Amino acid sequence: QGGFDHGTLAVGDHRIPYLNEYLAVEADGARLASYPDTIALLSLADGRPVAIKDAADDLEVALVVASADDLPRSSSARDVAALREVEEITQLSLVEYL
């Protein structure tokens with residue numbers, strides 16, 4: 001939609017919505033991580049990051065999250081106007097988790 005890859009991946013019991021990048025991690029109805037946290041999938045075969053375009057049902061991955069609170073962030077990572085646009089496209093709440 002509008003040039004964006006978006007949807008949701010499942011890793012075990014975890015749901016991972018994305019819009020060109022992984023946006024959140026949810027399980028059992030709870031938000032475990034949310035943009036601007038760093039959310040990554042790593043291939044268990046070689047340890048390399050797995051891009052959204054390369055994710056596949058038969059790929060074994062590790063889900064890794066680093067809290068944004070522990071990392072430097074640019075002001076654009078907290079741009080409410082941009083995040084509202086992402087929320088509209090994905091139907092996913094992000095601003096409330098800043």
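This protein chain folds into 1 helix and 6 strands. What you're looking at is a predicted model, so keep that in mind as you turn it around. Follow the protein chain from the N terminus and the order is β-β-β-β-β-β-α, with the helix coming after the strands.

**Overall shape**
- Why call 13 Å a good match for a compact globule? With 98 residues, such a globule would have a radius of gyration near 13 Å, and the protein chain has 13 Å, so the two agree.
- Lined up along the principal axes, the C-alpha atoms of the protein chain fill a box of roughly 40 × 30 × 25 Å.

**Inside and outside**
- Out of 98 residues in the protein chain, 34% count as buried.
- The protein chain exposes about 6,300 Å², and 46% of that comes from carbon and sulfur atoms.
- Take the contacts between residues at least 6 apart in sequence: 40% of them join residues at least 24 apart.

**Charges**
- How many charged side chains of each sign are there? The protein chain has 7 positive and 18 negative ones.
- The centres of these two sets lie 5 Å apart.

**A hairpin to look for**
- Strand 1 covers residues 6-11 and strand 2 covers residues 14-19; they run antiparallel, joined by 6 bridges.
- Which residue pairs with L9? Its bridge partner in strand 2 is I16.
- Strand 1 and strand 2 form a hairpin with 2 residues between them.
- Check out G12 in the turn, which has a positive phi of about 60 degrees.
- While you're tracing strands, remember that in a regular strand the side chains alternate between the two faces of the sheet.

Definitions and conventions:
Residues are numbered from 1 along each chain as its sequence is written. This is a predicted model: local features need pLDDT of at least 70, side-chain atom pairs count only at pLDDT 80 or more; totals for chains, interfaces and linings use all residues. Side-chain values use heavy atoms; hydrogens and water are left out. Helices (H or I, at least four residues) and strands (E, at least two) are DSSP runs, numbered from the N terminus. The radius of gyration is taken over C-alpha atoms; the globule rule is 2.2 Å times the number of residues to the power 0.38. Buried means under 20% relative accessible area, exposed over 50%, partly exposed in between (1.4 Å probe, protein chains only). Contact means heavy atoms within 4.5 Å. Accessible areas come from the Shrake-Rupley method with a 1.4 Å probe; for residues, only the protein chains shown count as cover. Lys and Arg count as positive and Asp and Glu as negative; His and the chain ends are not counted. The place of a charge is taken as NZ of Lys, CZ of Arg, CG of Asp or CD of Glu. Two strands pair if DSSP finds at least two bridges between them.
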